[in-house]
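Work through the exercises below with the sequence and the model in view, trying each task before reading its solution.

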Number of protein chains: 2
Amino acid sequence: MSGDEREKAIMGTAEKLLAERSLAEISVDELAAGAGISRPTFYFYFPSKDAVVLALLDRLVEQASEALDSALERAAADPVVEVRESIEIFYEALGSHRALIRAVADLSASNAEARALWSQIMEGWVAHATEKIEAERARGAAPRGLPARELAIALLQMNERVLHAIFVEDTPAVAEDKVVEVLTAVWLSAIYGSATV
Amino acid sequence: MSGDEREKAIMGTAEKLLAERSLAEISVDELAAGAGISRPTFYFYFPSKDAVVLALLDRLVEQASEALDSALERAAADPVVEVRESIEIFYEALGSHRALIRAVADLSASNAEARALWSQIMEGWVAHATEKIEAERARGAAPRGLPARELAIALLQMNERVLHAIFVEDTPAVAEDKVVEVLTAVWLSAIYGSATV
DNA sequence: GAGCCTATCAACATCGAGTCGAGAATACGA
DNA sequence: TCGTATTCTCGACTCGATGTTGATAGGCTC
């Protein structure tokens with residue numbers, strides 16, 4: 001087993017262990033042992049535990065972003081339907097890597113690089129949502145109101161927190177089988193409803 | 001200096017240091033030194049670093065919760081105005097203890113007790129918001145739609161995430177001088193707007 | 001002044017991260 | 001096929017932090 005494979009083995013071990021425990025509860029020793037190497041050798045491949053999670057996230061982002069982008073671009077005929085579909089994609093993309101998402105969230109508390117990477121991902125989504133909102137306003141389908149970007153940030157951060165709560169089994173949390181419906185409803189009313197009732 | 005005062009001194013030191021650094025970057029040594037005692041003596045007062053933050057949170061909750069409850073109960077004439085005022089209170093209550101809120105959020109990643117305590121606080125707010133929404137529906141001012149509790153959770157978690165992002169200076173984040181306006185608008189449209197546009 | 005709580009700390013035990021330097025294994029060009 | 005350079009590996013170490021133990025000192029009470 002050499003080079004690349006060892007790196008993969010470390011990442012694989014990390015993914016496996018993260019399904020059960022938080023990153024803080026996993027030692028470099030375990031990561032190394034899981035990949036069949038000694039602790040010092042681990043440092044040949046990664047500068048730290050954190051870097052492994054970052055690498056996992058990088059990989060996920062790379063894998064998912066085209067899929068996600070293309071899914072988001074393949075606009076449904078009806079923009080209202082599109083909102084629902086986007087949220088569904090969002091939910092599935094994050095939900096199928098819960099352990100990693102949890103680890104990244106934890107890491108963001110202490111690791112500036114993790115924050116930067118996540119921030120970049122969010123920024124992309126914000127830009128996309130902002131455009132969509134502005135397009136809907138331009139064609140007269142949505143009323144003008146809040147600055148589109150501020151609205152997009154608030155809604156995306158709602159998604160982020162609501163889904164995170166479900167993934168880490170926080171209480172209170174929205175029921176998982178209702179979450180797409182709930183988020184969609186809030187998005188639609190925020191975008192298409194007039195601000196002053 | 002004795003007993004209670006020493007305890008206060010430790011908590012005071014923690015609060016001061018948390019304004020500059022995360023809990024992870026603060027050692028028990030520093031906490032002890034700041035309170036004028038040795039490290040082992042620290043353990044006479046608190047079982048761990050984490051416990052100090054929990055104690056701070058306990059104190060804040062106790063101090064703030066009556067103030068908050070009474071402010072929330074003193075219902076404004078207009079329920080729409082009340083939403084805005086509630087969000088303002090929420091913003092100010094959390095915003096005036098940013099360092100602590102940050103520390104608690106960090107801690108929640110690793111500490112079950114911190115999660116439990118925060119969860120309890122959220123649960124209280126959720127119950128309150130749920131009641132208000134149901135009252136508005138009962139009097140015919142708001143349309144029926146999503147289950148009130150699910151909606152309340154999503155909206156409160158939006159507040160939580162949006163404010164947290166501002167406090168920790170995440171990007172993207174809603175502009176601080178717009179945050180009350182943005183959150184209020186989303187709440188109002190989600191509560192009073194019809195779900196299907 | 002004997003007994004008993006409160007408070008204190010030096011010294012210890014432990015654990016995990018990260019480093020160093022010496023070595024094996026492998027590839028590779030001559 | 002034989003250096004030699006590059007990749008890879010780990011034993012042994014340092015360092016910093018957490019948490020524990022056991023001995024001690026002061027006060028309060030009867």
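**Exercise 1.** Find how much area chain B and chain A bury between them, and which residues of chain B lose the most area to chain A.

*Solution.* In this predicted model, local features need pLDDT of at least 70 and side-chain atom pairs count only at pLDDT 80 or more, while totals for chains, interfaces and linings use all residues. Residues are numbered from 1 along each chain as its sequence is written, chains are lettered from A and ligands numbered from 1 in the order in which they are written, and side-chain values use heavy atoms, with hydrogens and water left out.

Start with the area: chain B and chain A bury about 3200 Å² between them, 68% of it on carbon and sulfur atoms, where buried area is the accessible area (1.4 Å probe) that two parts lose on being put together, summed over both. Then look at the chain B side, where B:Gln157, B:Arg161 and B:Pro172 lose the most area to chain A, together 19% of what that side buries. Finally, count the residues: the contact (heavy atoms within 4.5 Å) takes 39 residues from chain B and 39 residues from chain A.

**Exercise 2.** Locate B:Pro172 and describe the peptide bond that leads into it from B:Thr171.

*Solution.* B:Pro172 is found in the loop between helix 8 (148-167) and helix 9 (179-192) of chain B, helices being DSSP runs (H or I, at least four residues) numbered from the N terminus. The bond from B:Thr171 to B:Pro172 is cis, with omega near -5°. In chain A, the bond from A:Thr171 to A:Pro172 is cis, with omega near -5°, and A:Pro172 has its place in the loop between helix 8 (148-167) and helix 9 (179-192) of chain A. That loop of chain A also holds A:Glu169, a residue other than glycine whose phi is positive, near 55°. For background, most residues other than glycine have a negative phi, and most peptide bonds are trans.

**Exercise 3.** Determine which residues are closest to DNA strand D, and which helix gives the largest share of the surface near that strand.

*Solution.* First, 15 residues surround DNA strand D, and the closest are A:Arg6, A:Ser38, A:Thr41, A:Tyr45 and B:Arg39; a residue is near a strand if one of its heavy atoms lies within 4 Å of it. Sugar and phosphate account for 52% of the atoms of DNA strand D that come within 4 Å of the protein. Next, consider the polar contacts (pairs of N or O atoms within 3.5 Å): a polar side-chain atom lies 2.5 Å from a phosphate oxygen of the strand in A:Arg6, 2.8 Å in A:Thr41 and 2.6 Å in A:Tyr45. Last, helix 3 of chain A gives the largest share of this surface, four residues.

**Exercise 4.** Describe how helix 1 of chain A and helix 4 of chain A cross.

*Solution.* The axes of helix 1 (residues 4-18) and helix 4 (residues 49-73) of chain A come within 10 Å and cross at roughly 95°, the axes being lines fitted to C-alpha atoms over the stretch in contact, with angles from 0 to 180 degrees between N-to-C directions. Helix 1 of chain A is therefore roughly perpendicular to helix 4 of chain A, a term that covers 65 to 115 degrees. Among the residues making the contact are A:Ile10 and A:Leu18 of helix 1 of chain A, and A:Val52 and A:Arg59 of helix 4 of chain A.

Terms used
A polar contact is a pair of N or O atoms within 3.5 Å; within protein, one must be able to donate a hydrogen and the other to accept it, and residues adjacent in sequence count only if both atoms are side-chain atoms. Helices (H or I, at least four residues) and strands (E, at least two) are DSSP runs, numbered from the N terminus. Angles under 35 degrees count as roughly parallel, over 145 as roughly antiparallel, 65 to 115 as roughly perpendicular and the rest as oblique.
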